[in-house]
Structures are given as structure tokens and as C-alpha cells.
Amino acid sequence: MREIKVGIIGFGTVGTGTAKILISQRELIKKRTGIDIILKRVADRDLERPREINLPKGVLVQDAWEVIRDPEIDIVIELVGGIHPAKDFIMEALKNNKHVITANKALLAEEGNDIFNLAKQKRLQVGFEASVGGGIPIIKVMREGLVANKMLAIYGIINGTTNYILTKMTDEGIDFQDALREAQNLGYAEADPTLDIEGIDSAHKITILASLAYGIPLNFKKVYCEGITKITAQDIAFAREFGYRIKLLAIAKILNGEIEIRVHPTMIPENYLIAKVDGVFNAIYVEGDNVGATLYYGRGAGSLPTGSAVVADVVDIAKGNGLIPIDFSEKLSIKPVEEIESMYYFRFTALDRPGVLSKISGVFGENNISIASVIQKGRSKAGAVPLVILTHRAKEKDVLRALQTIDKLPVVAAKSVFIRVEGQES
Ligand code: NDP
Ligand code: HSE
């Protein structure tokens with residue numbers, strides 16, 4: 001029987017899940033593939049912390065270089081996270097002729113071109129199934145399952161932490177900080193949760209998916225990114241009243257040869273399947289020109305789901321079944337967000353006086369923005385009330401220009417809020 005030896009660097013949430021699966025499923029994988037996958041080394045700087053798994057004696061070491069420089073190890077699995085030293089570990093492993101697997105979407109989105117170029121030169125594989133969608137095999141779908149399609153659009157809920165927070169805020173009225181704390185305790189959040197709540201983690205992941213979909217180099221810096229920290233209970237309630245849910249959506253699509261890649265809170269009609277994806281679950285909608293609409297759903301984070309994706313890469317590489325090579329050499333331009341078109345939700349804090357709506361709608365008219373519906377809540381002789389407007393499709397640059405004018409009107413008492421809306425136009 002063929003033997004493949006692997007080493008893990010980083011014995012944290014994902015490292016533990018991966019080690020557990022490699023050990024507990026060794027026989028099953030042997031039976032299914034005819035390959036014996038042996039976990040030879042696990043490196044972590046902390047040897048003392050109790051983990052849910054006991055490794056055989058001598059497997060756990062403190063120095064990552066013992067994994068990278070071990071001549072017997074065929075595959076190095078990087079699970080420490082962050083840019084450095086993770087990138088150094090991976091580059092050195094490739095230089096030492098080892099295949100690499102990583103769950104590190106931040107590293108791939110920001111510095112991945114160097115990694116893929118070196119792997120190509122060395123004719124080695126880089127497995128990154130766990131970098132997007134946790135346990136959902138979305139990378140395999142993009143590379144293999146949908147290989148016969150031009151990808152028209154991707155809409156993803158690809159951050160478990162923010163989906164968990166928004167779900168808790170929507171269903172239980174729990175406040176933002178409490179929901180974030182729960183997500184951290186469950187091991188979903190990044191070491192620095194700003195990456196989750198500011199949308200950066202989703203932006204890392206959609207950078208990877210967009211490169212797979214359109215063959216372009218990884219270009220994280222061109223991805224527009226807005227997080228969920230400004231979403232209020234009030235906006236969640238208004239969205240519901242209009243029949244929508246607010247989700248942090250990562251979007252990539254191609255229109256007339258130009259690509260849009262963006263992450264932002266988005267209102268989605270509540271009857272869409274993706275609007276019903278709650279908690280830590282992720283879902284990715286991919287539309288191909290031949291296959292049409294497809295949807296992938298599962299746990300987007302956590303020790304075992306993510307470990308499951310890492311081990312799938314180990315098996316693929318071990319089988320040596322000639323994964324379709326990565327080619328990120330297309331030259332297509334990425335649209336700045338000001339150039340996109342969308343429908344919009346606005347919440348104005350306006351004085352409750354006759355003529356206010358006509359003033360605001362006048363500015364909309366001057367900027368080619370057409371109103372679809374309006375709600376005004378409450379009455380206040382002296383104070384301000386929320387005035388909520390949904391629009392038809394409009395250009396983002398027109399929206400930004402209109403808001404500059406509206407926010408200066410004497411009848412508007414606070415900075416206005418807007419959220420992009422997806423779905424069919426009414
Ligand atoms: P953890 O922080 O739980 O684990 C990382 C481990 O690596 C820690 O034990 C850390 O030690 C150790 N480590 C850090 N630097 C070194 C080093 N130089 N040498 C040896 N060990 C080191 O992170 P996760 O397991 O959550 O995440 C790992 C990767 O997987 C990240 O890239 C993350 O983005 C990605 N990921 C995580 C998911 C999840 O659900 N958690 C899901 C999908 C992807 P110490 O604690 O001392 O820092
Ligand atoms: N912090 C990430 C999330 C982990 O919440 O989705 C999975 O990539």
C-alpha cells in the first residue's frame with residue numbers, strides 16, 4: 001500500500017480538527033483510496049495547552065521547521081494563520097519540494113500569487129479547499145464540477161461569524177457584542193475578529209473565488225469591502241417589514257467583460273434560499289452559463305468541518321489525480337464600486353414636517369434615482385422620525401451624489417444610512 005506522510009503546522013482549532021480526522025478516518029481513507037495517510041509531525045509553539053486529542057508520542061514538536069525540513073514529509077499543512085511566518089513556511093516547503101495545503105485565506109488573497117507561481121514552477125500542488133466555506137467543497141466545485149461553465153455570478157454568505165451575529169440579532173434581538181462573544185467562544189471568529197465584522201475575511205474569500213471564476217490574479221486590494229458594524233436593530237426590523245433579510249454578502253460577477261467584486265451588508269428577499277441561511281452556516285450561489293443556478297450550503301467554520309476540507313485536499317494530492325492547474329493569468333478589469341448599479345434601501349432621519357418627502361424625492365429625481373416604496377414611522381411634532389425609501393436600480397455614483405445633497409438639507413437631522421438591495425426589481 002502506498003504511504004503518504006503529512007505534517008501540520010498550527011495545532012489550534014483547525015489543526016486539532018484535521019489531526020483528529022486524519023487519525024480517526026485513517027482506515028476509512030485507506031479503504032476508499034488504497035493510500036495510507038500518516039500524520040508524522042504536528043508543530044505548535046505551545047506544547048502544554050490541553051487539546052481534545054492526544055497525539056502519539058513524538059509527533060508534537062515546537063519548531064515548525066522540523067516539519068518543513070523533514071525529508072520524509074510529502075505534504076505540509078499550514079494552519080497557523082496570518083501572513084508571516086505562514087508565507088515563509090509555505091514558500092520554504094515548496095522550495096523543499098513538498099506539496100502544501102492551507103486554510104489561510106488572508107494569506108492567499110493578499111500574497112497568494114507568489115505561492116501559486118512558485119508551486120507552478122516546481123510542479124507542486126497547493127490545496128486550499130478549507131480557505132473558503134469551511135467544510136463546503138466549493139473550491140472543488142469551481143475548479144472541477146463547473147469547469148464547463150463560464151461563471152456569470154457568485155453570491156456568497158462566506159463568513160460564519162457575521163452570519164451568526166446577524167442571525168442572533170434578527171431572531172433573538174441579542175445585541176452585537178454578545179453575539180460576537182458567542183461566535184468567538186465557539187471557535188468561529190478569526191484571532192482578530194475585526195477581520196470578520198469589517199467584512200475583510202469575506203473579502204479575502206471572494207478574492208479567491210473570483211480568481212477561480214474569472215482566471216484573474218488574486219487582487220484583494222481591488223475588492224470593495226464594508227462590514228456589519230453599522231447595522232442596527234432598526235434597519236433589520238425595517239428590512240423585515242419590506243420582506244427582506246440583511247446578510248453580509250460577497251458578490252463577484254461579470255458584466256460586459258468587466259468584473260465586480262464586493263462585500264457589503266445586503267438586503268435579500270426573504271423567500272430566497274440564501275436569505276434562509278442562518279447561524280454559522282455558509283452558502284454560495286454560483287451561476288454558470290450552462291448549468292444555470294447552483295447553491296452550496298454547509299458549515300463555514302469550526303474545527304471538524306474545516307478539518308474535513310483540509311483532509312479532502314490531502315486525499316486529492318495523495319491520489320495525484322492531476323487536479324486542474326490553477327491559471328490566474330486573465331487580464332480583466334475590476335470595476336470601482338462607484339460604477340456599479342444596484343437597488344437601494346435608505347433610512348433618513350428627517351423632521352416630521354409637510355414637504356420633507358418631496359424635498360428628498362426631488363433630489364432623487366435630479367440624480368436619476370427612481371423610488372419604489374416609502375415608509376414613515378411614528379409622528380413627532382418637534383423631533384425627527386425615520387423615513388425609509390426603497391429605490392429601483394440606480395447607479396452608485398448617483399446615489400452618493402444624492403446623499404451628499406440630502407445630508408445637507410436642514411430637514412435631515414442625522415447622517416443617512418443606505419444598504420444595497422439584491423433581487424428582482426418590482
Ligand atoms: P488558531 O489560532 O486556533 O490556531 C493556530 C495555532 O497555530 C495556534 O495554536 C498558534 O499558537 C499556532 N501558531 C501560531 N504561530 C505559530 C508558529 N510560528 N509555529 C507554530 N505554531 C504556531 O487558528 P485556527 O485554527 O482558527 O485558524 C488556522 C487557519 O485556518 C487560519 O488561517 C484561519 O483563517 C483558517 N480558518 C479557520 C477556520 C475556523 O473555523 N477557525 C475556518 C477556516 C479557515 P498560539 O495560540 O500560541 O498563537
Ligand atoms: N472566521 C471565519 C468565519 C472562519 O467566521 O467564517 C472561517 O473561515
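This report describes the overall form of a predicted protein model, its two ligands and two local features of its backbone.

Residues are numbered from 1 along each chain as its sequence is written, and chains are lettered from A and ligands numbered from 1 in the order in which they are written. Because the model is predicted, local features need pLDDT of at least 70 and side-chain atom pairs count only at pLDDT 80 or more, while totals for chains, interfaces and linings use all residues; side-chain values use heavy atoms, with hydrogens and water left out.

**Overall form**

The protein contains 14 helices and 17 strands, taken as DSSP runs numbered from the N terminus (helices H or I, at least four residues; strands E, at least two). Along the principal axes, its C-alpha atoms fill a box of roughly 80 × 45 × 35 Å. The radius of gyration is 24 Å, which agrees with the value near 22 Å for a compact globule of 426 residues. This quantity is taken over C-alpha atoms, and the globule rule is 2.2 Å times the number of residues to the power 0.38.

**Ligand 1**

Ligand 1 is surrounded by 22 residues, of which the closest are Val-14, Asp-44, Arg-45, Arg-49 and Gly-302; a residue counts as near if one of its heavy atoms lies within 4 Å. By class, this shell holds nine nonpolar, eight polar and five charged residues. Here Ala, Val, Leu, Ile, Met, Phe, Trp, Tyr, Cys and Pro count as nonpolar, Asp, Glu, Lys and Arg as charged, and the others, Gly among them, as polar.

**Ligand 2**

The residues around ligand 2 include Asn-159, Thr-161, Tyr-188, Glu-190 and Asp-201. They divide into three nonpolar, four polar and five charged.

**Contacts of the ligands**

The table gives pairs of N or O atoms, for which the limit of a polar contact is 3.5 Å.

| Ligand atom | Protein partner | Distance |
|---|---|---|
| Ligand 1, oxygen | Thr-13, backbone N or O | 2.9 Å |
| Ligand 1, oxygen | Val-14, polar backbone atom | 2.8 Å |
| Ligand 1, oxygen | Asp-44, side-chain N or O | 2.6 Å |
| Ligand 2, oxygen | Lys-105, side-chain N or O | 2.5 Å |
| Ligand 2, oxygen | Gly-160, polar backbone atom | 2.7 Å |
| Ligand 2, nitrogen | Asp-196, side-chain N or O | 2.7 Å |

The protein covers 93% of the 250 Å² of accessible area that ligand 2 has on its own. For ligand 1, the protein covers 82% of 890 Å². Both areas come from the Shrake-Rupley method with a 1.4 Å probe. Two elements, α7 (160–172) and α10 (200–214), each give two or more residues to the shell around ligand 2.

**Backbone features**

Most residues other than glycine have a negative phi, and most peptide bonds are trans. His-84 and Pro-85 are joined by a cis peptide bond, with omega about 10°. Pro-85 lies in the loop between β4 (75–78) and α4 (86–95). Arg-123, a residue other than glycine, has a positive phi near 60°. Its place is the loop between α5 (105–122) and β6 (126–127).

Conventions. Polar contact = N/O pair within 3.5 Å; in protein donor to acceptor, adjacent residues only side chain to side chain.
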